[in-house]
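I am opening a new page for this protein. My plan is to look up the metal site, some strand pairings and the cysteines.

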Amino acid sequence: MGKLAVLSLSVAALAVLIGERVITLRHLSLYYRELTQNYLPNCHHIEGIECGAEDITILENGLAFLSTCVKHPDLPSYSDDPGKIYTLNLLDSELKIKMIVNEPKCNSQVEIFRFVEDENALQYIKTIKHELLHNVNDIVAVGTESFYATNDHYFTNGILKFVEPFLSLPWCDVVYYSPQTVQVVAGGFLLANGINISTDKRHLYVADLLKHKIVVLKIQKNTVLSHVKEVDVGSLCDNIEVDRESGDLWLGCHPNGRNWLLQDPNDPPGSEVIRIENILSEKPKVTQVYADDGSVIIASSVATPYGGKLLIGTVYQKALICDLK
Ligand SMILES: [Ca+2]
Ligand SMILES: [Ca+2]
């Protein structure tokens, strides 16, 4: 075959590959999804949160912890403030945030703090780094120094990090860490994002963002997990919070990847909250609780209920509190 023919065939093959990838990626990113607004009553922004509350968790006594101002080169920045952790007492009608930690480090490492409740302060204990914790997105603690973590990429190199989702390589994993054992305990995720644990501590839930699914894993021993099922959520879900009374899952999701990729201020990423009831039953109930096109709140990443209210946090913008119907 002449050189020109080889070259033409190569170019044609590359064009087919790129075309196929573009179609697949549009499907994975929910590129064409249109969102219908679905609001909750009495929503208002939480005063003082201007650069996101990417993750939120609430203690049994109504004290919410908000991790704010995530810094990432690919994200728009609404503030030059460093990352901070705040508390918010949901039982106090004033709903005033209080800062407890300034500038947690943002490399792929896990920092352990002790919460000193009387002083509303976090006391730094230690930093954990490990080669298996290379792209940590989220963790769920199972002991004072042990946790499960998701890695949202396999590669750490910038170009390869882009190639990985482009080729839909399902190489993301879940790592178990304890001072004695560090091990990959589950794999095969396209983009492992939020992770949490069931109220009886027997199951792990992992959000595979690009598969639009919540993966349920059974904990046999700390380092042995078995795959139970996958539940379709139809959205790009980020953090998972578990209602400690009902065991329901609450998901902060990105409804449409196109808006996320384009970051057009006139057509910003929207927000969506999804609830899963009876996830372990044969017919889990998946309900959209809240949806907004970005005019109220941009890029929701977490939602967590408490006492008839719902707190919604975002990657880099504001946080919202609403009444649940
Ligand atoms: Ca996340
Ligand atoms: Ca989380």
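I start with a definition: two strands count as paired if DSSP finds at least two bridges between them. I keep in mind throughout that this is a predicted model.

**Entry 1: two antiparallel pairs**

I looked up strand 6 (residues 110-116) and strand 7 (residues 121-128). They run antiparallel and are joined by seven bridges. Seven bridges meet the cut-off of at least two. Ile112 faces Lys126 of strand 7. Four residues lie between the strands of this hairpin, and Asn120 has a positive phi near 45°.

Next I took strand 17 (residues 249-254) and strand 18 (residues 271-277). This pair is also listed as antiparallel, with five bridges. Here I found Leu251 opposite Ile274 in strand 18.

**Entry 2: the open sheet**

Which order do the four strands of the open sheet have? I read it as 16-17-18-19, with antiparallel pairing. Strand 16 and strand 19 (285-292) are the edges; each has a single partner strand, so one side of each has no neighbour in the sheet. On average, neighbouring strands here are turned by 25° against each other, direction ignored.

**Entry 3: the calcium site**

Which residues give the protein donors of the calcium ion (ligand 1)? I noted Glu54 (OE), Asn137 (OD1), Asn193 (OD1) and Asp238 (OD), at 2.3 to 3.1 Å from the ion. Their spacing in sequence is E-x82-N-x55-N-x44-D. Asn137 in strand 8 (residues 136-141) and Asp238 in strand 16 (residues 236-242) are 101 residues apart, so I log them as a link between distant parts of the chain.

I then checked burial. Asp238 is buried, at 5% relative accessibility. Asn137 is partly exposed, at 23%. The cut-off for buried is under 20% relative accessible area, which is why Asn137 misses it.

Glu54 got its own look. This residue sits in strand 2 (residues 53-58) and is buried at 15% relative accessibility. The UniProt annotation "binding site", from an unreviewed entry, covers Glu54. Beyond neighbours within four places in sequence, Glu54 contacts residues including Ser67, Val70, Thr314 and Val315. Asp238, a fellow calcium donor, is also among the contacts of Glu54.

**Entry 4: the cysteines**

How many disulfides does a search of the whole structure find? I get three. Counting bonded cysteines along the chain, the pattern is 1-6, 2-3, 4-5.

Cys43 pairs with Cys322, with the sulfur atoms 2.0 Å apart. The S-S torsion is about 110°, so this disulfide is right-handed. The pair links distant parts of the chain, 279 residues apart: Cys43 is in the loop between helix 1 (3-28) and strand 1 (44-45), and Cys322 is in strand 22 (residues 319-323). Is Cys322 buried or exposed? Cys322 is buried at 1% relative accessibility, whereas Cys43 is partly exposed at 29%.

Cys51 is joined to Cys69, S to S 1.7 Å. The torsion is about -50°, so this one is left-handed. Cys51 is buried at 10% relative accessibility, and Cys69 is buried at 4%.

Cys237 is joined to Cys253, S to S 2.2 Å. The torsion is about 90°, so the bond is right-handed. Cys237 is in strand 16 and Cys253 in strand 17, so the disulfide ties together parts 16 residues apart in sequence. Both cysteines are buried.

Last, I checked Cys172. This cysteine is in no disulfide, and the nearest cysteine sulfur, that of Cys237, is 16 Å away. Cys172 is buried, with a relative accessible area of 1%.

Conventions. Residues are numbered from 1 along each chain as its sequence is written. Chains are lettered from A and ligands numbered from 1 in the order in which they are written. This is a predicted model: local features need pLDDT of at least 70, side-chain atom pairs count only at pLDDT 80 or more; totals for chains, interfaces and linings use all residues. Side-chain values use heavy atoms; hydrogens and water are left out. Donors are N, O and S atoms within 2.8 Å of the metal (3.2 Å for Na, K and Ca); water is not among the atoms, so sites may look incomplete. Buried means under 20% relative accessible area, exposed over 50%, partly exposed in between (1.4 Å probe, protein chains only). Axes are lines fitted to C-alpha atoms, for helices over the stretch in contact, and angles run from 0 to 180 degrees between N-to-C directions. UniProt positions are given in the numbering used here, feature names are shortened, and annotations may be inferred rather than shown by experiment. Contact means heavy atoms within 4.5 Å. A disulfide is a pair of cysteine sulfur atoms within 2.5 Å.
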